[in-house]
Amino acid sequence: MSLPTPDLSAPVVKTTCPYCGVGCGVLATPDGRGGVAIAGDPDHPANFGRLCSKGSALGETVDLKDRLLSPTVDGQAATWEGALGAVAGGLRKIAEQHGPDAIAFYLSGQLLTEDYYVANKLAKGFLGTPHVDTNSRLCMSSAVAAHRRAFGSDTVPGCYEDLDEADLIVLVGSNAAWCHPILFRRMLDARQRRGTKIVTVDPRRTQTGEEADLHLGLEPGSDTALFSGLMTYLAGQGKLDGRFIEEHTAGFEGALERARQIAPDVAATARATGLAEAEVQAFFDLFARTERVVTGFSQGANQSAQGTDKGNAIINCHLATGRIGRPGMGPLSLTGQPNAMGGREVGGLANMLAAHMHFAPEEVDRVRRFWRAPNIITGEGMKAVALFEAIERGKIKALWVMGTNPLVSMPRADRIREALRSLDLYVVSEAVANSDSARATAKKTVLLPALAWGEKDGTVTNSERRISRQRAFLEAPGQARADWVIMSDVARRLGHGEAFAYTSAVEIFREHAALSGFENDGTRDFDLGGLSEIGASAYDRHLPLQWPVPKRGPEAKRGRARLFADGRFYTFDRRARFVAVQPPALAQPVTAERPLVLNTGRIRDHWHTMTRTGKSQRLSAHRAVPFVEIHPDDAARYRLTDGGFARVTTELGEAILEVTVTDGIRPGSIFAPMHWSDMTASHGRAAALARGIPDPVSGQPELKATPAAIEAVAYRSRGYLLTREVHAAPAGWWWARATVEGGSGLLFATGEGSREMALAVRGMFPGHELAEYVDHARGLYRCAVYAGDRLVAALAVAPGERRPEWELAKGVFAAPAIEAMDRRSLLSGRAATASAGPVICACHGVGLDTINAAIGAGAGSVEAVGAACKAGTNCGSCIPEIRKLLPQALARSAA
Ligand SMILES: Nc1nc2c(c(=O)[nH]1)N[C@H]1C(S)=C(S)[C@@H](COP(=O)(O)OP(=O)(O)OC[C@H]3O[C@@H](n4cnc5c(=O)[nH]c(N)nc54)[C@H](O)[C@@H]3O)O[C@H]1N2
Ligand SMILES: Nc1nc2c(c(=O)[nH]1)N[C@H]1C(S)=C(S)[C@@H](COP(=O)(O)OP(=O)(O)OC[C@H]3O[C@@H](n4cnc5c(=O)[nH]c(N)nc54)[C@H](O)[C@@H]3O)O[C@H]1N2
Ligand code: SF4
Ligand SMILES: [Mo]
């Protein structure tokens, strides 16, 4: 078939950031040579021109290095004909032999709505397998379940403008300063403009907590006690909205009674959450006396064995005060992925059918008729955790993974890798060739090259139900194809050509919109009926629009910012439901053997498994190695030192991580980022250590609280190696890889001394000129490798206690030509000029030492620091860190 060709004549293309659920508008200006200049879109209502560090660095991630550019079958290059034949043939055979429900799809909130729609339709209507789930199970499914229990539908009631108009913003289990940076800036703006108070609820004091007016560092997993206590308190203080409860809700009495049992008063709440009474009292007072409250919640709530109850405990407090659907108030689920919402809209979760419809017989029949589906499914499929367990048991014979990297991001990932081997067919649609999941193998393994951001066309929906366009501005590279094109081709080979005869994304969008409006008449929240006849040029010009967009009525063209202002919900009696929640309990208590609670999550500048942000040297500078955060008391107990190494062990395996000692974490807890994989580190896959016990309602696995043990690990030497091309680390090293300007950097630790290292290095670069500094008595070795005048590698080895500082060498390595002075400083390890220190501001590459120097020289505010050294003046993601440095540096210079 002929593929849609992007219009490359327009110099500036309006598109949407492919990272978080804020959904910022991006202006992309391709340079015609495969590169692109990136700016924020001033007209986009999610960001009004701003971009965070990740969005700003998008231009550094579009090169074709590491890309999967042609199909492969069992590791051998294949034609599309061959690869698609293998997929279609395999699926047909497995369906015939074992039934269609031996086939599973594992999709992603990073697919475009059009891709997602086609996957869902193919699996649930035509192949006839219900086993379609997505990484959104690990991400948003508890919020979905909480919405459905409370509202009868998966509806986000409010919008971003509510943050501008709130007087109190409560953030529960959200590190928005790092994970939703542009929304967080909006919250800080509200504070500046109208004095909005910000409260954070998180066992860790993150950068978000640092910025908050009140930080509640509660015990892991105790959120239902906090919000039960709040409900009890609001009732006791006469702060409930009796009329709203009476007219628009059901189940209040039971929920309040349960809340009173869990947390009868402030003191009991404090005990159950490990907070001080005064903190609890301050929060309750603030909530009680402030009408305009938005409660944002994210993974500290969702990724929990009580995730759904946490969501409902929050929603209960909003329903009880009638603070929903009106400007400046409401619960607001902060979605993670760029199209977490779009996936829910098409029905990508195993417990949904399509277009926010489930499995009532009339819904199944409606979807069947609309699709003219020969094999419509009639009930729910397995959710992610159960689905991968079914692979282990041999029940699933074929798995198609699309747009996600489960061998890094699924709990129990090491077990899953083993299980995949026994699959008869394992298909991976990927943009990169070397992701951990693309390198796994089964009896038959097919890799299909997918178009990536900038090359593909379609829509995404952000946290506030706003549908925006992603537009292509680069040529399709190699043989890569859009995911929907690939799937439609497979459908055709299976004899379903007519139902998948799409020739462009807009045709799919129209069908998706039409299904949402089909026999709807206001009975379902999700309705894009008004867009079901959108023409190709209107779709191309499509402006960001918030659903519902029904066919008739005032919202037909404009969409709608808020729902539920009329107090009418999507339950059968149109009343919202209070939910009686469970008292807090961790899914797995800690034991003497595993006494710590392992919490996992994100850092500022990396996205998930780093297949994209890992390409950017700017984004790799902020945190270059996988690490574990631990409280000073625990560090002392386990004899760990800041900057040293620790082995973190759970029942699932182990990781070796650099230790960060911080009082931002509670004693008894440790935190490790989820980002490092086998691609980027030797022992850094912290995400795989999670046990992932699912929430009983949503099936979302617990990823924030796995019992763990920790112990110190000592290496004799540590060092760095900078090379022009990626250099494989010798077996036996601990290593982490980061992209640096001009090449690739390896930070390593080994059991060898400087003497052995010197010998090894000489063998690594035969035929090159080596300049060395050797001091084996002190365990030091430094070496610069030249090819003529060109610096091709630089290495330093030092005793194992601390990582040798590499900022200076990185600076020399980045320079196009090397000066004599630089040659000397590479070997001496001392800068000819002052070093900038570790990078704080990724956009302008400003280091810690530079910022401290600016403060020392009199810059007394974030703005003054920006004026002095540019730090924090582009995306602002580092402003919280700069603000934290201010008092420290001022105190130092005063002393
Ligand atoms: N930089 C960056 N931004 C991202 C992403 C990324 O990879 N990198 N990913 C995106 C995606 S898909 C998602 S889902 C979002 C996630 O965004 P967030 O949910 O903000 O991020 P996390 O770091 O996963 O977890 C948030 C916080 O939950 C806290 N927490 C742990 N246990 C508990 C608990 O029991 N109660 C409470 N109240 N809090 C707890 C953790 O300490 C952590 O600070 O970020 C999105 N944005
Ligand atoms: N322990 C622990 N585990 C976690 C979490 C946690 O907090 N702790 N968070 C969970 C959450 S919230 C999430 S969202 C997941 C995220 O985890 P994943 O979804 O596994 O992470 P990504 O790295 O975003 O994977 C996306 C993959 O799709 C590929 N890709 C990019 N563009 C395209 C495209 O257009 N088409 C196709 N077919 N492929 C493409 C990328 O190269 C990449 O390999 O991790 C979950 N796992
Ligand atoms: S906040 Fe950052 S990562 Fe999220 S959409 Fe905006 S620019 Fe992209
Ligand atoms: Mo997520």
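## Around ligand 3

A residue counts as near a molecule when one of its heavy atoms lies within 4 Å of that molecule. This is a predicted model, and in it the residues surrounding ligand 3 are Cys 17, Tyr 19, Cys 20, Val 22, Gly 23, Cys 24, Leu 51, Cys 52, Lys 54, Gly 55, Pro 181 and Ile 182.

Sorted by type, that shell comes out as nine nonpolar residues, two polar and one charged. As for where they sit, α1 (53-56) and α7 (181-194) each put at least two residues into the shell around ligand 3.

## The largest cavity

Now for the enclosed space. How many cavities of 30 Å³ or more does a search of the whole structure find? Six turn up, and the largest has a volume of about 820 Å³. It is lined by 48 residues, and the closest to its centre are Gln 110, Gly 403, Thr 404, Trp 607 and Arg 612.

The elements giving two or more residues to this lining are β15 (425-430) and β21 (596-601). By type, the lining of the largest cavity splits into 22 nonpolar, 16 polar and 10 charged residues.

## The second largest cavity

Next in line, the second largest cavity holds about 530 Å³ of space. Its lining has 44 residues, with Gly 173, Gln 299, Gly 300, Thr 600 and Lys 704 the closest to its centre. Here the split is 15 nonpolar, 19 polar and 10 charged.

Which elements supply at least two residues each to this lining? They are α6 (176-179), α14 (299-302) and β21. Of the contributors, β21 gives the most, with four residues. And why can this cavity be placed between domain 3 and domain 4? Both domain 3 (141-333) and domain 4 (596-713) give residues to its lining, so the second largest cavity lies between them.

## Helix α30

Over at helix α30 (residues 820-828), the buried residues are Asp 822, Ser 825, Leu 826 and Leu 827. An α-helix has 3.6 residues a turn, so residues three or four places apart point the same way. That spacing is handy to keep in mind when looking at Asp 822, Ser 825 and Leu 826, which are among the buried residues of α30.

The cover over the buried residues of α30 includes three strands, β30 (769-775), β31 (780-787) and β32 (790-799), along with helix α29 (807-814). Just past the end of α30, Gly 829 adopts a positive phi of about 75°.

Notes: Residues are numbered from 1 along each chain as its sequence is written. Chains are lettered from A and ligands numbered from 1 in the order in which they are written. This is a predicted model: local features need pLDDT of at least 70, side-chain atom pairs count only at pLDDT 80 or more; totals for chains, interfaces and linings use all residues. Side-chain values use heavy atoms; hydrogens and water are left out. On a 1 Å grid over the protein atoms alone, a cavity is a set of points where a 1.4 Å probe fits but cannot get out, and a pocket is an open set with protein on both sides within 12 Å along at least five of seven lines; lining residues have an atom within 4 Å of a point. Grid points are joined across faces, edges and corners, and a volume is the space filled by probe spheres set on the points. Ala, Val, Leu, Ile, Met, Phe, Trp, Tyr, Cys and Pro count as nonpolar, Asp, Glu, Lys and Arg as charged, and the others, Gly among them, as polar. Domain bounds come from an automatic or database domain assignment. Buried means under 20% relative accessible area, exposed over 50%, partly exposed in between (1.4 Å probe, protein chains only). Contact means heavy atoms within 4.5 Å.
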